[in-house]
Amino acid sequence: MWAHHGAPLVRSTSIQEVKSSGLATISRWNPLKYDSAPLRIHDPSFVHFKSYSHSPLRFLFDSIRYIKVHLPTNCRTLSPITSSDITTSPHKNNITMGGNGNGSNGNGFSVDSGTEVQTDFITLTRFLTEEQARLHEHATGDFTLLCHALQLSFKTIAYFIRRASLRNLMGLAGSTNDSGDSQKKLDVIGNDIFINAMKGCGKVKFVVSEEEEELITFPGDGKYAVVCDPIDGSSNLDAGVSVGTIFGIFKLADGASKAEDICLPGTEMVASGFTMYGASANLVLTMKGGAVNGFTLDTALGEFILTHPDMRIPHSRSIYSVNEGNSLYWTEPVRKYFDSIKYPEGPDAKPYSARYIGSMVADAYRTLCYGGLFAYPADKKSPKGKLRILYECAPMAMVMENAGGMAITDSGSRMLEVVPEKIHDRSGIYMGSKGEIEKVLKVFNEYQK
Ligand code: AFP
């Protein structure tokens with residue numbers, strides 16, 4: 001927020017000074033005057049200007065952009081805000097700190113006419129409490145407590161991922177998991193964090209984790225089973241690519257005591273979702289038959305804030321996401337389908353765009369936001385597919401369906417209805433926009449005639 005009173009935002013600039021030094025801070029480059037107080041911005045990210053030494057104009061533009069983006073908060077203490085700068089929004093409980101009201105700083109730069117300060121926002125904690133009160137009159141609060149434990153594990157994993165390079169957490173742990181995959185240090189840490197959080201809440205009886213061969217059973221009378229891939233996409237970790245935690249929650253039948261008891265179809269999940277640890281930590285959460293809601297971790301507050309209420313996947317979008325490197329092993333219907341979107345027929349037909357990150361949470365999150373299709377088909381090399389039914393396919397399928405999309409297997413059946421025989425069973429999967437999955441089904445159906 002800032003209060004602008006018409007003083008010039010950027011004054012004379014010595015490009016030569018920047019060019020010759022190759023290193024500057026904004027305050028050195030141009031001690032900006034703001035209401036006659038010198039403005040000093042000390043943001044380390046803005047200190048290294050070597051890369052600008054041959055491009056003074058780019059430096060100037062980026063500087064202006066930086067100032068527009070960052071000045072409001074940096075500026076706050078430099079200029080007393082007067083009451084005329086503040087307007088309240090009666091319906092939103094928000095406060096707007098106004099500029100000069102016309103979207104310009106009076107110096108030709110377009111700036112926001114005001115920055116809304118939200119004072120009434122929905123944290124995950126508040127969301128869960130309100131949902132519990134709204135949907136389950138006689139709820140015991142056990143599910144809510146379990147979700148709080150999940151939230152703690154996401155925050156903790158996000159914390160360690162952010163610091164992985166600094167704390168030597170990159171690289172291999174020297175062990176392998178049940179699938180024979182080499183475990184990363186963060187795989188092991190994420191798994192421990194997740195399991196301890198579930199144990200600590202006292203409401204969980206079983207945990208199935210990608211990193212653990214056997215079912216984990218906790219003492220006590222927990223009513224829930226949680227299935228998870230603590231850090232999905234971990235082979236991308238060292239390259240700083242987004243990874244995530246995928247989870248599903250089942251309510252157990254009385255007497256459930258062994259692994260077979262949670263070999264259940266995804267339709268039995270009471271909730272599922274995933275957290276993507278990327279530029280920010282984004283949690284996508286859905287409950288059985290409910291909406292899909294997106295939360296973003298505010299690291300300063302330490303809270304997940306509801307930023308994407310009622311996420312809906314677009315009906316169709318010409319984006320496909322698949323590991324094309326496996327196409328040599330694809331079966332005929334799979335090849336036929338992908339050829340149909342890459343080499344469409346007709347004078348105005350355009351081929352689809354390809355996007356593949358290789359980290360399902362990131363590919364799924366993009367698909368959820370933009371639409372399109374994500375697929376990991378079974379093939380001649382992996383006839384059962386690669387992704388795990390219980391803790392990868394089913395949770396994602398529930399998210400996609402509840403957002404208005406679809407998720408199917410290689411045989412075209414509904415992913416959520418697949419019953420795994422063992423806890424680590426795999427399947428091929430196609431998920432995303434309804435209109436796109438229907439096109440897959442159309443091709444598959446032609447082969448089944
Ligand atoms: P890792 O967790 O071993 O990186 O596997 C990631 C994953 O399970 C899923 O997130 C990706 O979509 C898929 O595997 C990528 O597999 P490919 O590397 O075979 O494309």
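A pocket, found on a 1 Å grid over the protein atoms alone, is an open set of points with protein on both sides within 12 Å along at least five of seven lines, while a cavity is a set of points where a 1.4 Å probe fits but cannot get out; lining residues have an atom within 4 Å of a point. Grid points are joined across faces, edges and corners, and a volume is the space filled by probe spheres set on the points.

Welcome to this structure, which is a predicted model: local features need pLDDT of at least 70, side-chain atom pairs count only at pLDDT 80 or more, and totals for chains, interfaces and linings use all residues. Residues are numbered from 1 along each chain as its sequence is written, and side-chain values use heavy atoms, with hydrogens and water left out.

**The chain as a whole**

The protein chain has 10 helices and 22 strands; helices (H or I, at least four residues) and strands (E, at least two) are DSSP runs, numbered from the N terminus. Of its 449 residues, 48% count as buried, where buried means under 20% relative accessible area, with a 1.4 Å probe and protein chains only.

**Pocket and cavity**

The second largest pocket has a volume of about 460 Å³. Nearest its centre lie D181, D232, G233, S235 and K386, which belong to a lining of 26 residues. Strand β10 gives the largest share of that lining, 3 residues. Domain 1 (124–303) and domain 2 (319–448) both contribute to the lining, so this pocket lies between them; the domain bounds come from an automatic or database domain assignment.

A search of the whole structure also finds 1 cavity of 30 Å³ or more. The residues lining the largest cavity are L124, L128, C147, L150, F154, F247, L283 and L285, and α5 gives the most, with 3 residues.

The table sets out both linings, with Ala, Val, Leu, Ile, Met, Phe, Trp, Tyr, Cys and Pro counted as nonpolar, Asp, Glu, Lys and Arg as charged, and the others, Gly among them, as polar.

| Space | Volume | Lining residues |
|---|---|---|
| Second largest pocket | about 460 Å³ | 6 nonpolar, 8 polar, 12 charged |
| Largest cavity | about 50 Å³ | 8 nonpolar, no polar, no charged |

**The nonpolar cores**

In soluble globular proteins, nonpolar side chains tend to be buried together. A nonpolar core is a set of buried Ala, Val, Leu, Ile, Met, Phe, Trp, Tyr and Cys residues joined through side-chain atoms within 4.5 Å. The largest one here has 45 residues, and I262, L368 and M431 have the most contacts inside it. Helix α9 supplies the largest share of this core, 10 residues. The core draws at least three residues from each of domain 1 and domain 2. Apart from it lies another core, of 43 residues, including L169, Y224, I231 and A281.

Helix α9 deserves a second look: 13 of its 14 residues are buried, so α9 is largely enclosed by the rest of the structure. Just after α9, G404 takes a positive phi of about 100°.

**Two residues to find**

Contact means heavy atoms within 4.5 Å. Leaving aside neighbours within four places in sequence, M431 is in contact with residues including M360, L373, M396 and I437.

F250 sits in strand β11 and is buried, with a relative accessible area of 1%. Not counting residues up to four places away in sequence, F250 touches Y224, L264, M269 and L390, among others. The C-alpha atoms of F250 and F206 are separated by 9.5 Å, with the two residues 44 apart along the chain.

Methods. Buried means under 20% relative accessible area, exposed over 50%, partly exposed in between (1.4 Å probe, protein chains only).
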